[in-house]
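User: I am new to this structure. Please take a close look at one part of it, the stretch that carries the UniProt domain feature, and then at what surrounds that part.

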Amino acid sequence: MKIIEVANYEEMSKAAAEIIIKTIHDNPKTVLGLATGGTPKGLYKELIHDYQEHKTDYSEMTSFNLDEYIGLSPDHPNSYYSYMNEVFFNYVNIKKENIHIPSGTNPSLEEECRNYEQTINNKGGIDIQILGIGENGHIGFNEPGTAFDTKTQVVQLAEMTREANSRYFNSLEDVPTKAITMGISTIMNAKQLILLVSGEKKAHALHQLLHSAVMESFPASILQTHKNVTIIADQDALRCSKTEETKGETEFVTTILD
Ligand SMILES: N[C@@H]1[C@@H](O)[C@H](O)[C@@H](COP(=O)(O)O)O[C@@H]1O
């Protein structure tokens, strides 16, 4: 694992954007895995800014989002489809037909999961997947206890996840109880993983990711076994992680951005 230590949220977003922009320039047909939540918003802002300044071309790339709420149609204001349009897709030249977000309203969710997995495979797999982490160690919406061999699936959300995400809804009751998410093995099949971690609230989860055994009760611990994972974390998130030796071949890199 490579850890890029940055000063704050803004620097984390810039460091992640630099990697994505370089990837798109090197290969305009990149298959990009995208994440939602508060953490990657700054990254999308940086990508939009770069697009306006340098016209980085997204017309040939393909995107796959990690997850979606069950029961929310794409045009629902709280769907991850709406989120992606509002924070990124509406501002760059990505083609609509190249955007993939699992549907939380397909009457056959089993078929939706199978098709999503198949579409990822048909595109040759994900080149680079952006990830955030839940305070309980979830990745995508794979909550503690999820088997490591899972593919795209329908999951029950942990109460703490619903509570954490209720800030985007009118009330906790409005937060769906289920989601459709890439499975752990879908995520692990991506050629490269970029995990973004910011803020003191995530410090404990990051510490556990780096120091705990690889176990299904803490899904993100599986990242220790991926061959190409970069963690971009700010100082608040790294607060309790730097004092002990990290597991495996962890390399700390401190970056200073312009
Ligand atoms: N499904 C998303 C995850 O993909 C995200 O990484 C995580 C953290 O969210 P945030 O970045 O808002 O802390 O929780 C959400 O529930």
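Analyst: UniProt positions are given in the numbering used here, with shortened feature names, and annotations may be inferred rather than shown by experiment. Residues are numbered from 1 along each chain as its sequence is written. The model is predicted: local features need pLDDT of at least 70, side-chain atom pairs count only at pLDDT 80 or more, and totals for chains, interfaces and linings use all residues.

Now the part itself. An unreviewed UniProt entry places the feature "domain: Glucosamine/galactosamine-6-phosphate isomerase" at residues 11–229. The end C-alpha atoms of that span lie 18 Å apart. Helix makes up 33% of the span and strand 15%. Helices (H or I, at least four residues) and strands (E, at least two) are DSSP runs, numbered from the N terminus.

Start with helix H2, residues 41–54. Why does a 20 Å end-to-end distance agree with its 14 residues? The expected span is 1.5 Å times one less than the number of residues. That gives 20 Å for H2, and its end C-alpha atoms are indeed 20 Å apart. The buried residues of H2 (20 or more other C-beta atoms within 10 Å; 12 or fewer is exposed, in between is partly exposed; C-beta atoms placed from the backbone) are Gly42, Leu43, Tyr44, Glu46 and Leu47. Their cover includes helix H1 (9–26), helix H3 (80–87) and strand E9 (192–197).

Just after H2 comes Lys55. Lys55 sits in the loop between H2 and E3. Its phi is near 55°, a positive value in a residue other than glycine. Lys55 is exposed, because only 10 other C-beta atoms lie within 10 Å.

Past that loop, look at Ser63 in strand E3, residues 62–65. Buried or exposed? Ser63 is buried, because 21 other C-beta atoms lie within 10 Å. Its contacts (C-beta atoms, placed from the backbone, within 7 Å) are Leu32, Leu34, Ile94, Asn98, Ile99 and His100, leaving out residues up to four places away in sequence. Lys96 is 33 residues from Ser63 in sequence, yet 9.8 Å away in space, C-alpha to C-alpha.

Next, a sheet. Strands pair if DSSP finds at least two bridges between them. An open sheet of 3 strands runs in the order E4-E8-E7, with antiparallel pairing. E4 (67–69) and E7 (153–156) are the edge strands, each pairing on one side only. E4 and E8 (residues 178–181) run antiparallel and are joined by 3 bridges. Across that pairing, Asp67 stands opposite Thr181 in E8.

Another pairing brings in strand E1, residues 2–6. E1 is mostly covered, with 4 of its 5 residues buried. E1 runs parallel to strand E10 (residues 229–234), and 5 bridges join the two. One of the partners in E10 is Thr230, bridged to Lys2.

Last, the interior. A nonpolar core is a set of buried Ala, Val, Leu, Ile, Met, Phe, Trp, Tyr and Cys residues joined through C-beta atoms within 7 Å. The largest one here has 69 residues. Ala16, Ile194, Leu195, Leu196 and Ile232 have the most contacts inside this core. H1 gives the largest share, 6 residues. Leu195 also shows its neighbours clearly: Leu131, Ile133, Leu223, Val229 and Ile231 are in contact with it, leaving aside residues within four places in sequence. In soluble globular proteins, nonpolar side chains tend to be buried together.

Note on methods
Two residues are in contact if their C-beta atoms, placed from the backbone, lie within 7 Å.
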